[in-house]
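Dear colleague,

I am passing on to you the structure we spoke about, and below it I have set down what was found. Please have it open while you read.

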Amino acid sequence: MRRVHFWDHLILILGSLLMLMPILYAFMTSTHDPVSIFRNGMQLSPGGHFFETYHTILTKAGGFTKEVTGVTMFWNSMILGIGFAVGKIVISMMAAYAIVYFRLPFASFFFWIIFSSLLLPLEVRILPSYEIVQSMGMMNSYAGLIIPLIASATGTFYFRQFFKSVPDELVEAARIDGAGPVKFFLDILVPLSRTMIAAIFIIMFVYGWNQYLWPTLITTDESFFTLVRGIKQITQVYAESRLPKVNEAMALSILAMLPPILVVIIFQSWFVKGLVESEK
Amino acid sequence: MAVISLQDVRKVYAGNVEAVKGVSLTIENGEFIVLVGPSGCGKSTLLRMVAGLEEITSGTVQIGGSVVNKVEPADRDIAMVFQNYALYPHMSVYDNMAYGLKNRGMDRDEIANRVRIAANKLEIAEYLDRKPRALSGGQRQRVAMGRAIVREPKAFLFDEPLSNLDAKLRVQMRLEIKKLQKSLGTTSLYVTHDQLEAMTLADRLVVLNGGVVEQIGTPIEVYEKPQSTFVASFIGSPAMNFLPVTNVGTHWRLQQGSGLRVHFDTDVNELTLGVRPEDFTIANGPQSDEALSASLLVSAVELVGAESFVHGTLGETGPEIIVRVHGKAGYVAGETLALTASYEKLHFFDTKTGKCLKVSPSRAIA
Amino acid sequence: MKRVQFRHSLLPYFLLIPQLSIIGLFFLWPAGEAIRASFYLEDPFGFGSTFVGMDNYIDTMSNAEYLNTAWFTLIFTVVVAFFSLSISLLLAVKADAVLHARSSYRTLLMWVYAIAPPVAGLVSLMLFDQHLGPITDLAALFGWELRLGVNGFDTAFVMSTTAIWKQIPVNFIFFLSGLQSVPKSIQEAAAIDCKSGTRRFWSVTFPLLAPTGFFLLIINITYALFDTFGIIDVLIKSEPGNNPITLVYKVYNDAFRGNDLGGSSAQSVVLMILVFILTIIQFRMIERKVHYN
């Protein structure tokens with residue numbers, strides 16, 4: 001038994017290193033100065049320029065982007081991540097409540113309309129979506145960034161699934177206790193869904209924060225750039241120049257990945273629950 | 001407190017499934033009525049129609065003299081105790097009990113007062129701040145009761161409230177529910193599939209089968225004078241023994257040729273004789289002038305403590321029967337015993353309809 | 001469907017309005033528009049469009065470049081799904097087997113989920129860089145001169161590696177939770193019936209994991225088709241040139257760079273049909289899973 005476990009641990013440690021090493025390289029490289037990186041390649045040992053590099057990317061405009069600082073992009077990412085998660089949760093909880101708890105004449109019709117939105121990812125209807133948002137004058141706005149992303153019913157499905165698992169007796173008890181539909185929703189169902197809400201919030205926050213294609217199309221004004229959107233600028237500058245600021249590029253990558261990583265690690269049990277439960 | 005009365009209440013589900021086929025019943029003020037029957041007999045549906053959780057297809061339900069068919073559950077002034085308790089998991093015990101009162105706009109002090117009194121009565125005062133998940137099954141059951149009591153409703157509706165408890169706790173809670181109901185004097189309708197619960201709790205029993213009332217009566221009436229083979233077999237454990245008897249011209253005969261000294265003036269051709277396991281006497285000799293005499297070939301003896309169940313067949317190959325004997329029975333498998341039963345202990349049912357015969361048999365002179 | 005539902009005339013519609021209007025405006029309309037546009041030829045100077053029937057589809061399907069892209073997409077999808085599923089299955093089985101530090105391993109193997117695909121792409125771009133990249137140096141030790149962005153095979157290799165790396169956490173989490181939901185009594189019964197651990201895995205555990213595996217297969221195909229967009233865009237520095245790209249990238253590129261609205265729309269519709277089929281399969285499988293449980 002002992003020997004078997006040794007190999008198990010070895011494989012797991014190798015797996016963990018496989019996950020960690022690329023990011024460790026990125027981080028260590030970000031603490032060196034560009035000239036030494038250019039000369040020696042990416043680094044695995046800490047360099048002395050940590051504060052300098054991160055201070056520059058956070059507060060100074062005019063590196064890869066021309067007008068915005070890392071801090072602005074960070075807040076834009078926050079707005080996108082949180083706005084998307086909150087918007088999606090509120091809207092999908094309302095819709096799921098209507099579908100599960102009400103006798104609707106056209107219930108299955110509404111259900112199929114909502115269901116159909118699961119069929120097609122944004123990527124395959126990207127051009128018409130872009131044109132519609134453009135024609136509505138929603139380019140370079142948070143609304144244009146967030147709302148069209150909500151148009152997929154994944155959240156509605158998670159909550160529908162969860163509401164169906166809530167015992168019928170709770171509604172019955174609440175009805176006998178004199179709670180109407182609004183009261184039942186706010187007093188009983190929303191508090192009952194707390195864990196579910198937290199789990200979905202984490203999944204959706206990460207999803208929103210990590211959006212790339214849509215922000216790339218919708219935001220041309222740099223003041224609306226998110227960190228992940230900013231990556232595109234980096235590659236374009238990188239493609240043109242021969243002595244790129246690799247340290248700053250890596251530092252921006254670290255900045256772009258850090259918040260979602262922290263959220264996922266800190267709220268790990270909720271995150272795993274959300275991911276696994278929601279897909280059932 | 002109120003009289004609840006049902007007139008020809010029916011429930012037909014989509015797809016023409018008739019769950020309740022016309023039930024009429026009046027529950028008097030302060031009376032404790034138990035609806036009992038096997039699963040799927042419509043007892044829960046009937047209760048839920050009284051609660052307002054299920055639409056009534058036809059017929060009327062009256063609570064306190066007014067028809068409530070279209071009245072919302074909250075406005076019927078009833079309280080319900082659910083099988084899984086249906087406590088709000090995120091609310092404290094206090095809030096669980098207070099929620100219905102708050103929704104009715106009751107004054108905070110009055111709520112606190114009522115919860116306090118109910119909690120003391122149910123001995124859960126020390127748990128008022130806890131969440132339901134921190135309570136044992138028995139305590140949750142008490143909270144569910146408390147939630148019903150604080151409302152001081154016209155009627156209590158119980159939907160198998162004890163079936164999630166272990167056997168010992170069930171007996172204890174059964175007694176408490178009975179005492180509580182008597183002291184509050186609230187009209188109660190209680191659903192169970194457990195005949196023991198039904199017998200011990202009820203002022204009157206309603207035995208349901210297939211959406212139809214088989215019999216209404218006090219527990220002892222139902223036990224002693226079952227109106228059908230269904231009731232006879234459902235109430236009582238071990239169940240009543242059923243023996244087929246046939247008409248042989250002038251008199252009736254048990255199929256195994258044992259002695260049966262009764263006769264009827266009836267046009268029914270096939271009868272079923274019912275005898276409760278405890279109503280047999282094991283005779284000393286083969287001769288007996290009792291109404292029924294037969295021989296029992298013992299196949300097994302079960303000692304269950306204060307009594308024994310003797311299993312066997314009537315004659316060599318006849319129907320299986322169970323005899324209940326006090327104390328430890330010293331019989332062994334393979335032994336043949338002489339059984340008798342007196343005339344008053346015999347029940348006769350029409351084999352075709354299962355109904356108890358309206359005509360009483362008269363004792364035949366041997 | 002709940003046993004008891006509220007009867008209320010307007011409230012449910014009020015609750016549905018936000019969801020339905022967003023779906024109508026930003027999903028149904030654009031999807032319909034894509035289908036419509038796939039039958040029209042847009043005038044290059046913006047003077048209206050002409051109905052051309054199936055021409056866009058025929059042009060697209062017979063285009064050698066499109067067929068190359070489709071071929072690459074197929075290989076890319078198979079490679080990504082196969083490797084990321086097998087690596088994560090191995091890791092999940094090992095993580096399920098060890099008694100110590102199981103939750104630490106879980107954390108160490110799943111956090112990469114949170115990294116955005118383009119960010120992973122940028123890190124890869126550096127790691128595989130011709131001058132700076134340590135992995136390029138490593139490859140050189142084996143005599144492989146890795147030239148990302150120059151050699152088509154090398155670029156495809158880097159794309160696949162990055163996509164596999166990024167997808168391992170999701171698969172790992174699902175496999176591990178699938179393994180942990182195998183009832184202990186079944187594992188114990190298997191341990192009594194069969195001495196060899198490897199055989200026990202293939203004959204008992206693996207079949208029980210099959211529903212999770214099928215489900216993940218669909219998820220991985222969808223991932224390789226759509227979610228790898230960011231990785232690809234960054235690795236080719238937004239310049240397709242002679243680089244390998246996937247079908248989704250081509251839809252985007254033809255629409256926004258090539259100004260071929262009809263062709264791009266026709267490609268969209270083809271992808272829509274593909275996703276539609278995948279989703280139906282997925283839902284049927286979930287239904288069946290529910291039945292057997």
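To begin with chain B, buried residues account for 40% of its 366 residues. Please keep in mind throughout that this is a predicted model. Chain B contains 8 helices and 22 strands, and its C-alpha atoms fill a box of roughly 75 × 45 × 35 Å when this is taken along the principal axes. If one considers the contacts in chain B between residues at least 6 apart in sequence, 67% of them join residues at least 24 apart.

Turning to where the two chains meet, 14 residues of chain A are in contact with 16 residues of chain B. On the side of chain A that touches chain B, helix 9 (168–176) and helix 10 (181–192) of chain A each supply at least two residues, and the largest share, 6 residues, comes from helix 9 of chain A. By character, the residues on this side of chain A divide into 8 nonpolar, 1 polar and 5 charged.

Within chain A, the axes of helix 4 (residues 70–101) and helix 13 (residues 227–240) come within 8 Å and cross at roughly 130°, which means that helix 4 of chain A is oblique to helix 13 of chain A. Helix 4 of chain A makes this contact through Met73(A), Phe74(A) and Ser77(A), while helix 13 of chain A makes it through Leu227(A), Val228(A) and Gly230(A). The residues of this contact between helix 4 and helix 13 of chain A divide into 4 nonpolar and 2 polar, with no charged residues.

With kind regards

How values were computed: Residues are numbered from 1 along each chain as its sequence is written. Chains are lettered from A and ligands numbered from 1 in the order in which they are written. This is a predicted model: local features need pLDDT of at least 70, side-chain atom pairs count only at pLDDT 80 or more; totals for chains, interfaces and linings use all residues. Two residues are in contact if their C-beta atoms, placed from the backbone, lie within 7 Å. Helices (H or I, at least four residues) and strands (E, at least two) are DSSP runs, numbered from the N terminus. Ala, Val, Leu, Ile, Met, Phe, Trp, Tyr, Cys and Pro count as nonpolar, Asp, Glu, Lys and Arg as charged, and the others, Gly among them, as polar. Axes are lines fitted to C-alpha atoms, for helices over the stretch in contact, and angles run from 0 to 180 degrees between N-to-C directions. Angles under 35 degrees count as roughly parallel, over 145 as roughly antiparallel, 65 to 115 as roughly perpendicular and the rest as oblique. A residue is buried if 20 or more other C-beta atoms lie within 10 Å of its own, exposed if 12 or fewer, and partly exposed in between; C-beta atoms are placed from the backbone.
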